[in-house]
Amino acid sequence: MSIKFEQVVAKAEEYKPQISKFLRDMIAIPSESCGEEKVVLRIKEEMEKVGFDRVTIDPMGNILGYIGHGKHLIAMDAHIDTVGVGNLENWAYDPYLGYEDEEIIIGRGASDQKGGMASMVYAAKIIKDLGLEDDYTLLIVGSVQEEDCDGLCWQYIINEDRIKPEFVVITEPTDGKIYRGQRGRMEIKITTKGISCHGSAPERGDNAIYKMAPIILELRALHENLIDHNFLGKGSLAVSEIFHTSPSRCAVADSCWISIDRRLTAGEDAPYALKQIMNLPSVKAADAKVTMYTYEKPSYTGLVYPTESFFPTWLIEPDHPVCQTLLDAYQGLFQEEPVLDKWTFSTNGVSIMGRYGIPCIGFGPGHEDQAHAPNERTWKKELVKAAAMYAVIPQLYVKKYAGKMPSNTENLVK
């Protein structure tokens, strides 16, 4: 059957109370990275209640809900872990009990990004209610550990669960816009070595902290000279942590290491970014060691899936069939022209498209500036709009664009 956009909008509005309640239930369950089990079980309960055809939890702990049985596998993703709450004095409301009125919902995860999960689950119900099933299978993913290691969950889903969708909608907050890319990132470590001695005679030793000082200054200068991209913007570099070892406060430091948050624009990759740092005169003079961090924390199921802390850039062009699908869906539902933009932060797209070349596109309720902030909030009207979008995207894609997908879907960022 053809899509009746006005019926979808009405149905999404009808389910606003249920979407809101489900979101508040999820917010009430603390679910920091590696501790998501209880919220996963709550999502499973809601998926089964609204009529998903199949619901599974994989060995990493990701929840996978399926609608339909068609040949075109389309996925939508929401990470359901959160960061911590920080200083409670900065919150006007309990971050888990939250707050709700006619327009907003407040609580940790409201925008980042349990709101996306609430809208996806009720999009599936809209699909069932209005008979929008077609020659597709819709996979709704509630992914874990994203805040700790973005994309790790999808490395597991693609490599171990053997799931490879035709495209994925990332439901991170997009401020009411359609997002078609993001800069990548790396977590880099620089280490200097020294020789300790008594602090009363520092000339007897070799201070590892002093060796690091000119490196930090050259890193600041390097940041100013990183390459730019007309859509994704400029690469960036920030020294985020500094550590040292020393026998005591009265001794010269015998080692020092710093962490770098390196954001990668189009045209930058891990070898390129590491070589930039290795070639700094101060790094060579100090014989400093430049490495990439790895991530090896167990998920809530106990599974450890090690990965390098490299999260590639990804970008999809405006004329790509997947981007066109969302543009058409937005225009059909809301009778207005959508805005195309990009995320400032990083998403699971770093693996889905950045590593594996599966096209990604973003549309999600909530706002980027609410992520990790006290009094985090989302807007009910955006939850409703997102549910409507997710309900029409699969059938619109199958009917209009599936046959136009490029045969080579490798990462578009070269």
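Guide: First, a term we'll lean on: buried means under 20% relative accessible area, exposed means over 50%, and partly exposed is in between. Also, keep in mind that this is a predicted model.

Visitor: Okay, let me try that out. Buried or exposed: which is R263?

Guide: The side chain of R263 meets that of D261 in a salt bridge, 2.8 Å from N to O. D261, at 25% relative accessibility, counts as partly exposed. R263 has a relative accessible area of 18%, and the cut-off is under 20%, so R263 is buried.

Visitor: Which residues do salt bridges that share partners join into one network?

Guide: A search of the whole structure turns up 25 salt bridges. Some of them share partners, and the residues linked up that way are K21, D25, R42, E45, E46 and K49.

Visitor: How many residues apart in sequence are the parts that R42 and D25 tie together?

Guide: The two side chains form a salt bridge of 2.9 Å, N to O. R42 belongs to helix α3 (residues 37-50) and D25 to helix α2 (residues 16-27), so the pair connects parts whose separation in sequence is 17 residues.

Visitor: E46 and R42 both lie in which helix?

Guide: These two side chains also meet in a salt bridge, at 2.9 Å from N to O. Both residues are buried, R42 with 13% relative accessibility. They sit 4 residues apart, about one turn of their helix, and that helix is α3.

Visitor: On to cysteines. How many disulfides does the structure hold?

Guide: A pair of cysteine sulfur atoms has to lie within 2.5 Å to count. The number of disulfides here is 0.

Visitor: And which cysteine has the sulfur nearest to that of C34?

Guide: C34 is partly exposed, at 23% relative accessible area. C34 is in no disulfide, as the nearest cysteine sulfur is 9.6 Å away and belongs to C149.

Visitor: How far is the sulfur of C323 from the closest cysteine sulfur?

Guide: C323 counts as buried, at 0% relative accessibility. The closest cysteine sulfur is in C360, which is too far for a bond because the distance is 12 Å.

Visitor: Which helix gives the most to the largest nonpolar core?

Guide: That core has 101 residues, and V8, M117, M389 and Y390 touch the most other members. With 13 residues, the top contributor is helix α11 (residues 380-400).

Visitor: How many residues are in the other core, the one with L237 and I260?

Guide: This second core lies apart from the largest one, and A270 and A288 are also among its members. Its count is 25 residues.

Visitor: Which strand runs antiparallel to β8?

Guide: Strand β8 (residues 178-182) is mostly covered, with 5 of its 5 residues buried. β8 runs parallel to β17 (residues 340-343), joined by 3 bridges, and I178 stands opposite L340 there. On the antiparallel side, 2 bridges link β8 to residues 314-315, which form strand β16.

Visitor: Any odd backbone spots? What is phi of Q335 near?

Guide: Most residues other than glycine have a negative phi. Q335 is found in the loop between α9 (321-334) and β17, and is exposed, with a relative accessible area of 65%. Its phi is positive, near 55°.

Visitor: Which residue does a cis peptide bond join to D112?

Guide: Most peptide bonds are trans. This one has an omega of about -10°. The partner of D112 lies in helix α4 (residues 110-130), and is Q113.

Definitions and conventions:
Residues numbered from 1 in each chain as written. Predicted model: local features only at pLDDT ≥ 70, side-chain atom pairs only at ≥ 80, totals over all residues. Heavy atoms only, no water. Buried < 20%, exposed > 50% of the residue type's maximum accessible area, 1.4 Å probe, protein only. Pairing = 2+ DSSP bridges. Core = buried A, V, L, I, M, F, W, Y, C linked by side-chain atoms within 4.5 Å. Salt bridge = Lys/Arg side-chain N within 4 Å of Asp/Glu carboxyl O.
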